[in-house]
Amino acid sequence: MTHAMLKGSNVPLDATTVRAVLRWTPGQGVPDVDASALLLGSDGRVRSDEDFVFYNQPRHPSGKVWRLGKKRVAEGLSDTIQTDLSGVEPGVGRILLVASADGIPFDRVPALGILLYDAAVADGEPLATFDIKPETGAETALICGELYRRGEGWKFRALGEGYSNGLKGLATDFGISVDESEVDEERRQPETASQPLPPEAPTSAVPQQPPAYGYPQPASPQAGYGYPQPAGQSSYGYPQTQPAPVPVAPDPNFRLPPQGPQFVGR
């Protein structure tokens, strides 16, 4: 049975390994969205920077929390965090499931939601779903929900709490020492962006469009049929300009060879 959750509600988890799937609808002007996780100790903070699982550190050193990466699904795009709850270290009491949007506010991300699955069940129905509605729309990072211990088991709580200073601000609040080179909200270039030519291929080396028949063409190494050609190249059917011969002075020592009998006058 799937639990459709409201903000602040919780549900017990019987699964030992869960997949938290962050899902949204892509489109014109929609930013890319990333899923990440923070493993928190009893004081509500990370124990070290290694407790931050994100795109530059996709697997926790324990091997129990990791990113599965982005995927296109029927409903749009998804990014997934998987957690082996049975193997999480005892010092970890909560695991925050986070979404960030490249520094662009979440009011431009339609149909954002998180779905929890039992990873041991192939093609199973989600255990829980939560449609995330940003409170102000200006948030650039969201705590979608949290996995937390309750007695000997685990539960999931739907949160939807936002940060306007992005993944960097959220991570810093929980004790992460953020490296600017690691969490760069504008780290990506669009896949369709044009790339600069390499040094060995200057702009002049780019092939030009072929000439249009019947119109004068700009001068190029390949001449157009029927038009004046650059010097040194011939054009079919037109007289060619030949270089003037260079005069050669006669050799004063030159003598004709002996003539045969057929040339002797009779």
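In the predicted model, I95 stands opposite L147 of strand β11, and the two strands concerned, β8 and β11, run antiparallel and are joined by seven bridges. Pairing is assigned here where DSSP finds at least two bridges between two strands, while strands (E, at least two residues) and helices (H or I, at least four residues) are DSSP runs numbered from the N terminus. Residues are numbered from 1 along each chain as its sequence is written, and side-chain values use heavy atoms, with hydrogens and water left out. Because the model is predicted, local features need pLDDT of at least 70 and side-chain atom pairs count only at pLDDT 80 or more, whereas totals for chains, interfaces and linings use all residues.

Strands β8 and β11 belong to an open sheet of six strands, arranged in the order β2-β12-β11-β8-β4-β5 with antiparallel pairing. The edges are occupied by β2 (10-13) and β5 (52-53), each of which has a single partner strand, so one side of each is left without a neighbour in the sheet. At one of these edges, β5 pairs with β4 (residues 34-40) in the antiparallel sense over two bridges, and A37 stands opposite V53 in β5. Helix α1 (residues 166-173) packs on the sheet, touching β4, β5, β8 (94-100), β11 (141-150) and β12 (153-163), and its direction makes about 30° with that of β11; such angles run from 0 to 180 degrees between N-to-C directions, the axes being lines fitted to C-alpha atoms, for helices over the stretch in contact.

Strand β11 is also joined to β12, with which it runs antiparallel, by nine bridges, and I143 stands opposite E161 in β12. The two strands form a hairpin with two residues between them, and G151 in the turn has a positive phi of about 65°. Eight of the ten residues of β11 are buried, so this strand is largely enclosed by the rest of the structure; buried denotes under 20% relative accessible area, exposed over 50%, and partly exposed the range in between, with a 1.4 Å probe and protein chains only.

The largest nonpolar core has 37 residues, and those with the most contacts inside it are I95, I114, L147 and F156. A nonpolar core is a set of buried Ala, Val, Leu, Ile, Met, Phe, Trp, Tyr and Cys residues joined through side-chain atoms within 4.5 Å. The largest share of this core, four residues, comes from strand β3 (residues 17-24). When residues up to four places away in sequence are not counted, I114 touches A20, V21, L97, A128, T129, F130, I132, C144 and F156, contact being defined as heavy atoms within 4.5 Å. A second, separate core of 17 residues includes F52, V98, L167 and F174.

Among the polar residues, Q82 lies in strand β7 (residues 76-84) and is buried, with a relative accessible area of 12%. Leaving aside its neighbours within four places in sequence, Q82 is in contact with T17, V18, R19, K64, V65, W66, L68 and A119.

Positive phi values also occur in residues other than glycine. A111, in the loop between β8 and β9 (113-118), has a phi near 55° and counts as exposed at 57% relative accessibility. D123, found in the loop between β9 and β10 (128-131), has a positive phi of about 60° and likewise counts as exposed, at 81% relative accessibility.
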